Amino acid sequence: MNVLLFGATGMVGQGVLRECLLDPDVETVLSVGRSATGQHRERLREIVHADLFDLSAIETELSGFDACFFCLGVSSAGMAEQSYRRVTYDLTMSVARCLAKLNPRMTFIYVSGMGTDSTGRGRTMWARVKGETENALLRLPFKAACMFRPALIVPLDGVKSKTKLYRAFYAVLGPVLPWLYAAAPRYVTTTAQVGRAMLAVAKRGAPAPVLENSDINQVRP
Ligand SMILES: NC(=O)c1ccc[n+]([C@@H]2O[C@H](COP(=O)([O-])OP(=O)(O)OC[C@H]3O[C@@H](n4cnc5c(N)ncnc54)[C@H](OP(=O)(O)O)[C@@H]3O)[C@@H](O)[C@H]2O)c1
């Protein structure tokens with residue numbers, strides 16, 4: 001299986017990349033992002049591309065993939081709707097439309113979050129924008145698309161968030177997070193489980209187009 005990964009430098013993406021490189025079924029991972037992961041691994045290739053809104057210069061490199069794990073995203077904390085929408089909806093859709101055209105056999109997996117509003121009309125800004133993004137992705141002509149809605153994600157294996165606020169949060173809660181994962185599987189998952197679940201969905205399909213936190217935890221590798 002050939003995997004395309006967006007957001008590999010982020011917390012979710014680092015965990016997903018690790019699981020991809022541990023999986024013998026994954027032949028290659030191509031990471032595309034505005035920054036490099038800094039990792040040099042046999043099955044990992046990277047394209048650092050400043051403007052992900054315009055993939056025309058690298059389009060020839062983006063076909064022939066079985067799966068795209070789209071872990072790129074931002075926290076809405078302190079962001080105006082217009083700026084949040086530009087990364088969450090506009091950038092995601094711009095990339096996804098390009099990939100759907102180039103990869104009709106692709107399974108596209110998007111990371112949204114618990115509480116995402118499928119009506120796309122609710123009052124919570126981030127949930128509405130993520131909901132609109134999910135709905136638009138599900139309409140694209142991929143072989144399959146699956147929306148992952150994790151709640152709290154425990155970073156394992158040295159994975160670190162790029163978001164300052166989250167790093168502070170994990171530093172304070174660190175010691176109790178593994179316990180929380182065991183005690184509250186509806187509300188907590190791990191970077192490793194998210195990665196393994198994505199790989200399983202790409203290989204065997206998803207039980208539903210939208211997977212809530214507990215569904216993600218139930219997917220077996
Ligand atoms: N962390 C959680 O507990 C959690 C829970 C539920 C859902 N989620 C969702 O999961 C997704 C990833 O979260 P995360 O925690 O991994 O975030 P993160 O650690 O802050 O990483 C964000 C990733 O997105 C990339 N990115 C952000 N804005 C970009 C832009 N304008 N252009 C290009 N790349 C951009 C970053 O690239 P650079 O390295 O270049 O900055 C990085 O790879 C988000 O959509 C988030 O809402 C996270």
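Which unit do S4, helix H2 and S5 make? They form a right-handed β-α-β unit, with H2 covering residues 81-102. Right-handed here means that, with the strands pointing away from the viewer, the path from the first strand over the helix to the second runs clockwise. Helices (H or I, at least four residues) and strands (E, at least two) are DSSP runs, numbered from the N terminus.

A note on the model before the close-ups. This is a predicted model, in which local features need pLDDT of at least 70 and side-chain atom pairs count only at pLDDT 80 or more, while totals for chains, interfaces and linings use all residues. Residues are numbered from 1 along each chain as its sequence is written, and side-chain values use heavy atoms, with hydrogens and water left out.

**View 1. Strand S4 and its partners S1 and S5.** S4 spans residues 67-70, with Ala 67 and Phe 69 pointing one way and Cys 68 and Phe 70 the other. All of them are buried (buried is under 20% relative accessible area, exposed over 50%, partly exposed in between, using a 1.4 Å probe and protein chains only). Strand S1 (residues 2-6) pairs with S4 in the parallel sense over 4 bridges; two strands pair if DSSP finds at least two bridges between them. Phe 6 has Phe 70 as its bridge partner in S4. S5 (residues 107-111) also runs parallel to S4, joined by 4 bridges, and there Phe 70 stands opposite Tyr 110.

**View 2. Strand S5, covered on both faces.** Thr 107, Ile 109 and Val 111 sit on one side of S5, Phe 108 and Tyr 110 on the other, and all are buried. That makes 5 of 5 residues buried for this strand. S5 runs parallel to strand S6 (residues 144-149), and 5 bridges join the two. Tyr 110 finds its bridge partner in S6 at Met 147. To get from S5 to S6 the chain goes through helix H3 (residues 125-138), in a β-α-β crossover that is right-handed.

**View 3. The ligand and what surrounds it.** The ligand has 25 residues around it, the closest being Thr 9, Ser 35, Lys 130, Lys 162 and Thr 163 (a residue counts if one of its heavy atoms lies within 4 Å). Backbone atoms of three glycines face ligand oxygens: a backbone N or O atom of Gly 7 at 3.3 Å, a polar backbone atom of Gly 10 at 3.1 Å, and one of Gly 73 at 3.3 Å. Taken alone, the ligand exposes 890 Å², and the protein buries 88% of that (Shrake-Rupley areas with a 1.4 Å probe; for residues, only the protein chains shown count as cover).

**View 4. Arg 105 and Asn 103, in the loop between H2 and S5.** Arg 105 lies in this loop and is exposed, at 58% relative accessible area. Its side chain makes a polar contact of 3.0 Å with that of Asp 66 (a polar contact is a pair of N or O atoms within 3.5 Å; within protein, one must be able to donate a hydrogen and the other to accept it, and residues adjacent in sequence count only if both atoms are side-chain atoms). Leaving aside neighbours within four places in sequence, Arg 105 is in contact with Phe 65, Asp 66 and Lys 143, where contact means heavy atoms within 4.5 Å. Asn 103 is in the loop between H2 and S5 too, but is buried at 3% relative accessibility. A polar atom of the Asn 103 side chain lies 2.9 Å from the backbone nitrogen of Gly 64.

**View 5. Cys 20 in helix H1.** H1 covers residues 11-22 and holds Cys 20. Cys 20 is buried, with a relative accessible area of 0%. Not counting residues up to four places away in sequence, Cys 20 touches Val 3, Val 26, Val 29, Arg 43, Phe 69 and Leu 199.

**View 6. His 49, in the loop between S3 and S4.** His 49 follows strand S3 (44-48) in that loop and counts as buried at 13% relative accessibility. The His 49 side chain reaches the backbone oxygen of Asp 51 at 3.2 Å. Beyond its neighbours within four places in sequence, His 49 has contacts including Gly 33, Arg 34 and Asp 54.
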